[in-house]
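Me: Got a model I'd like to go through with you. Can you take a look and talk me through it?

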Amino acid sequence: MVRHPLIDDVVGPAIVVRSASPVVWLTESLAALLRRAAESGRTVVLRTGREAALTPALRHALGAHHAAWAVDEADGSLRDGRTGVAASGVEDFVEHGPELVGPPSPAHPEVADSVRQISIDLTLRHHADRAVDIGTAIEALCDTVGTCPTHWGTSEPLTVPWDRWVVTQYAKHEAPGVSTSYAVGHGFSATMTAHLVDGVVVETMSAVLTIPEDGADPALASKLLDAVHRVADEVEPVFGVVMQRRGDTDHLVRAASHGEPSPLAVVVGAEATAFLDRDGVWPPPRTTTSVFGGGGLVVRFDDGWEALEAFLDRIDEDRFLQLVGGAPLDPAHDDGALDGHDRGEHAGSQRTGGQRGGQGAA
């Protein structure tokens with residue numbers, strides 16, 4: 001059997017790929033290796049230097065295919081590039097990973113120079129009696145902050161000019177299987193997936209938008225949620241999370257911490273509200289709710305994580321997942337994603353392998 005040209009070493013079930021590039025992209029070759037490894041139950045471990053950066057697309061692909069990112073230090077030590085946790089060797093990522101859980105290594109730096117960002121992870125069901133149009137939600141959100149995608153693609157570099165119709169045709173071509181595509185623009189990056197569930201197209205999107213630091217609009221989160229309301233006229237939101245976070249200007253993912261993000265709100269579509277437990281005190285403590293789209297709920301949080309966790313106690317997770325048919329909901333930007341009550345658990349329909357804070361995801 002001929003070894004894949006990107007493979008530098010094999011350590012038990014781990015496939016090691018080394019990169020000396022300052023920016024590591026999701027090339028067609030690397031994307032193919034990640035898919036093949038995941039299908040065969042192997043773990044890809046990407047090893048880079050401490051100054052290397054990953055693109056948002058590669059960060060998503062690593063999570064979606066249960067692959068690891070290991071950072072080599074000058075003294076020969078190894079740490080998880082996403083969580084900063086020290087590793088004794090490549091084997092740790094197979095036995096305990098692919099994202100290691102625990103206190104970050106002292107070598108995992110805190111970023112002092114960062115920008116303010118909003119991240120939105122949203123799952124949507126397209127109405128069966130209307131034309132499917134992938135990317136509508138992304139354009140509505142981007143219009144709110146004045147920046148929109150300029151290029152898209154399924155591997156990098158992303159050189160195809162953004163065209164919602166072409167993105168939709170690609171998703172239809174891949175149906176009934178899962179399509180995954182990526183989009184970028186000035187101060188913007190996103191991942192989109194689509195697949196069929198009982199004849200209904202389920203779309204997921206995970207987007208990060210850089211927003212002004214000075215004179216920031218205090219009503220911006222509400223405006224973004226208003227954009228979701230507009231999208232609801234065409235598609236049915238199932239579940240979404242809006243977060244405020246810090247990140248790098250270029251949206252690249254570095255092996256460093258930007259601190260913990262702050263949950264702003266969740267969006268629950270009208271059909272999914274049946275899966276909420278409203279017994280006792282409603283809405284949950286430290287939250288306020290508003291209705292949209294014929295019965296959907298926007299739940300705003302007064303104090304971040306405490307309010308979010310109070311809300312998560314009211315979710316029937318299994319029924320949420322059934323509604324979206326096992327959609328691939330690992331977000332592109334795990335620092336801005338929902339990931340559970342106790343930093344190690346998954347919650348809602350937004351599933352991610354990372355910890356809640358202290359990561360360098362973009």
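Below is a short chat about the fold, the cores and one pocket.

Reply: Sure, just keep in mind that this is a predicted model.

Me: Fine. What does the secondary structure of the chain come to?

Reply: There are 8 helices and 19 strands.

Me: And how much of the chain is buried?

Reply: Buried residues account for 55% of the 362 in the chain. The exposed surface is about 14800 Å², with carbon and sulfur atoms supplying 51% of it.

Me: What about contacts, how many join residues at least 24 apart?

Reply: That's 67%, counting contacts between residues at least 6 apart in sequence.

Me: OK, on to the inside. Which residues touch the most other members in the largest nonpolar core?

Reply: Those are Ile 120, Ile 138, Phe 188 and Met 205, in a core of 29 residues. Several elements each put in at least two residues, including strand 9 (115-126), helix 5 (164-174), strand 14 (200-210) and strand 15 (235-247). Helix 4 gives this core its largest share, 5 residues.

Me: Is there another core apart from that, and which residues are in it?

Reply: There is another one, separate from it, with 24 residues; Ile 15, Ala 67, Trp 69 and Leu 158 are among them.

Me: Back to helix 4, then. Which residues there are buried?

Reply: A run of them: Ala 137, Ile 138, Glu 139, Ala 140, Leu 141 and Cys 142. Just past the helix 4 end, Gly 146 has a positive phi of about 80°.

Me: Which residues does Met 205 touch?

Reply: Leaving out residues up to four places away in sequence, Met 205 touches Ala 137, Ile 138 and Leu 141, and also Ile 120, Asp 121, Leu 122, Thr 191 and Met 192. The first three of those turned up in the buried list for helix 4 too.

Me: Any general reason to expect nonpolar side chains to be buried together?

Reply: It's a common tendency in soluble globular proteins.

Me: Switching topic: how much space lies in the second largest pocket?

Reply: About 290 Å³.

Me: What lines it, and which residues lie nearest its centre?

Reply: The lining of the second largest pocket has 20 residues, and Pro 56, Glu 156, Val 184, Asp 250 and Leu 252 lie nearest the centre. By type, the lining splits into 12 nonpolar, 6 polar and 2 charged residues.

Me: Which element gives the largest share of that lining?

Reply: Strand 12, with 4 residues. Helix 2 (56-64), strand 12 (179-185) and strand 13 (188-197) each supply at least two. Strand 13 also gives at least two residues to the largest nonpolar core.

Definitions and conventions. Residues are numbered from 1 along each chain as its sequence is written. This is a predicted model: local features need pLDDT of at least 70, side-chain atom pairs count only at pLDDT 80 or more; totals for chains, interfaces and linings use all residues. Side-chain values use heavy atoms; hydrogens and water are left out. On a 1 Å grid over the protein atoms alone, a cavity is a set of points where a 1.4 Å probe fits but cannot get out, and a pocket is an open set with protein on both sides within 12 Å along at least five of seven lines; lining residues have an atom within 4 Å of a point. Grid points are joined across faces, edges and corners, and a volume is the space filled by probe spheres set on the points. Ala, Val, Leu, Ile, Met, Phe, Trp, Tyr, Cys and Pro count as nonpolar, Asp, Glu, Lys and Arg as charged, and the others, Gly among them, as polar. A nonpolar core is a set of buried Ala, Val, Leu, Ile, Met, Phe, Trp, Tyr and Cys residues joined through side-chain atoms within 4.5 Å. Buried means under 20% relative accessible area, exposed over 50%, partly exposed in between (1.4 Å probe, protein chains only). Contact means heavy atoms within 4.5 Å. Accessible areas come from the Shrake-Rupley method with a 1.4 Å probe; for residues, only the protein chains shown count as cover.
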